[in-house]
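Reader: Hi! I have a protein open on my screen and I'm not sure where to begin. Could you walk me through it?

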Amino acid sequence: MMKIKYNISKHKRIDLVQFFLYCFVVLVLSVLFLFIGIKNLSSKEKKLREAKEQQELYRTKLNYISKNTREYHREINAINKKWRNKVRFSNSLIAAKTYDIIGKLNVLEELLPSGVYIQGISFKVDAKSDIDITVVADSYPNLFHVYKNFSKYDPSIVSESESDGIFTAHIRINLELKKKNEKK
C-alpha cells in the first residue's frame with residue numbers, strides 16, 4: 001500500500017517574513033485597539049468621577065440651602081407667632097372695649113366753664129362708670145357753675161377747699177346716668 005501525499009500549494013514552504021508581517025500587523029492593531037479601549041475607559045471613568053464630584057457639590061449646596069430654609073422657617077414661625085399673639089391681644093382689647101374714655105373726656109370738657117381747670121381725674125372702668133375729678137376754679141361762682149353743670153350726673157362732693165382765692169373741689173360723678181335718663 002502506498003501513501004499518497006498531495007500538496008496543492010505553489011510553494012511548499014511557509015513564507016516566514018510574510019507570516020511575521022501579518023502577525024506584526026495583527027499585534028499592532030490589537031495594541032492600538034487595546035490603547036483606544038483603555039483611553040476610552042479612563043476618560044469615561046474621569047467623566048464619571050467629575051460627575052460624582054459635581055453631584056456631591058450639588059448635594060452639599062442642597063443640604064446647606066435646606067438647613068437654611070428650615071432655620072428661616074423656624075424664625076418666620078416664631079416671629080409670626082409673636083405677631084399673632086400681639087394682634088390677638090390687641091383684638092381682644094378692642095373687642096373688650098366697653099368704656100369710651102375719650103367720649104367722657106369730651107363731655108367733661110364741655111361741662112367746664114372758663115376759669116375752671118382739671119387738676120386730677122380718675123376713671124373706674126366698670127359698670128358704675130364713676131369718675132373722680134378734682135377741679136380748680138379762680139372764683140367760687142365758677143366752682144358753683146361747675147356744680148350746676150354736673151348736677152345732671154348725680155355729683156357727690158367729696159371735698160372742697162379754698163387757698164389764697166383758689167377754690168379746689170374733689171367731685172365724683174357718673175356720666176352714664178344722663179344717658180339712662182335720656183333714653184327714658
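Author: Happy to! Let's start inside helix α1, where R59 and E56 sit three residues apart, about one turn of the helix. Keep in mind that this is a predicted model.

Reader: Okay, what do R59 and E56 form together?

Author: They form a salt bridge, and their closest N and O atoms are 3.0 Å apart.

Reader: Why would two side chains pair like that?

Author: Side chains of opposite charge can pair when their charged atoms come close.

Reader: Nice. Is R59 buried, exposed or partly exposed?

Author: R59 counts as partly exposed, at 39% relative accessibility. Its partner E56 is partly exposed too, with a relative accessible area of 41%.

Reader: And how many salt bridges are there in the whole structure?

Author: A search of the whole structure finds three. Another one joins the side chains of E45 and R49, at 3.9 Å from N to O. Those two also lie in helix α1, four residues apart, which is about one turn of the helix. R49 counts as partly exposed, at 45% relative accessibility.

Reader: What about D132 and R172, how far apart are their N and O atoms?

Author: Their side chains meet in a salt bridge at 2.6 Å, N to O. This pair links distant parts of the chain, with D132 in strand β2 and R172 in strand β4, 40 residues apart. D132 is buried, with a relative accessible area of 11%, while R172 is partly exposed at 31%.

Reader: Let me zoom out. How many helices and strands does the protein have?

Author: The secondary structure comes to four helices and four strands. Starting at the N terminus, the order of the elements is α-α-β-β-α-β-β-α.

Reader: So where's the core?

Author: The largest nonpolar core has 18 residues, and those with the most contacts inside it are V135, L143, V146, F150, I171 and I173. The elements giving two or more residues to this core are α2 (101-111), β2 (130-137), α3 (140-150) and β4 (166-174).

Reader: I'd like to look at F150. Which residues does F150 touch?

Author: Leaving out residues up to four places away in sequence, F150 touches L108, L111, L112, I133, P155, I171 and I173.

Reader: Cool! Which residues of α3 are buried?

Author: They are N142, L143, V146, Y147, N149 and F150. Seen down the axis of α3, these buried residues fall within an arc of 165°, so they line one face of the helix.

Reader: And what do the buried residues of α3 pack against?

Author: They pack against α2, β1 (116-123), β2, β3 (156-163) and β4. On the face of α3 turned away from the buried side, you'll find the exposed residues P141 and K148.

Reader: Changing topic: what share of the residues in the protein count as buried?

Author: Of the 184 residues, 17% count as buried. The protein exposes about 15,700 Å², and carbon and sulfur atoms supply 61% of that.

Reader: Is there a nonpolar patch I could look at, and which residues make it?

Author: Sure, a nonpolar surface patch of about 880 Å² is made by L21, F24, V25, V28, L29, L32, F33, F35 and I36. Try clicking on F33, which is in helix α1 (residues 16-96). F33 is exposed, with a relative accessible area of 58%.

Reader: Great, thanks for the tour!

Methods. Residues numbered from 1 in each chain as written. Predicted model: local features only at pLDDT ≥ 70, side-chain atom pairs only at ≥ 80, totals over all residues. Heavy atoms only, no water. Patch = residues over 30% accessible without salt bridge, like charges linked within 9 Å, V, L, I, M, F, W, Y side chains within 5 Å. Areas by Shrake-Rupley, 256 points an atom, 1.4 Å probe, with all protein chains shown as cover. Salt bridge = Lys/Arg side-chain N within 4 Å of Asp/Glu carboxyl O. Buried < 20%, exposed > 50% of the residue type's maximum accessible area, 1.4 Å probe, protein only. Core = buried A, V, L, I, M, F, W, Y, C linked by side-chain atoms within 4.5 Å. Contact = heavy atoms within 4.5 Å. Arc of directions from axis to C-beta.
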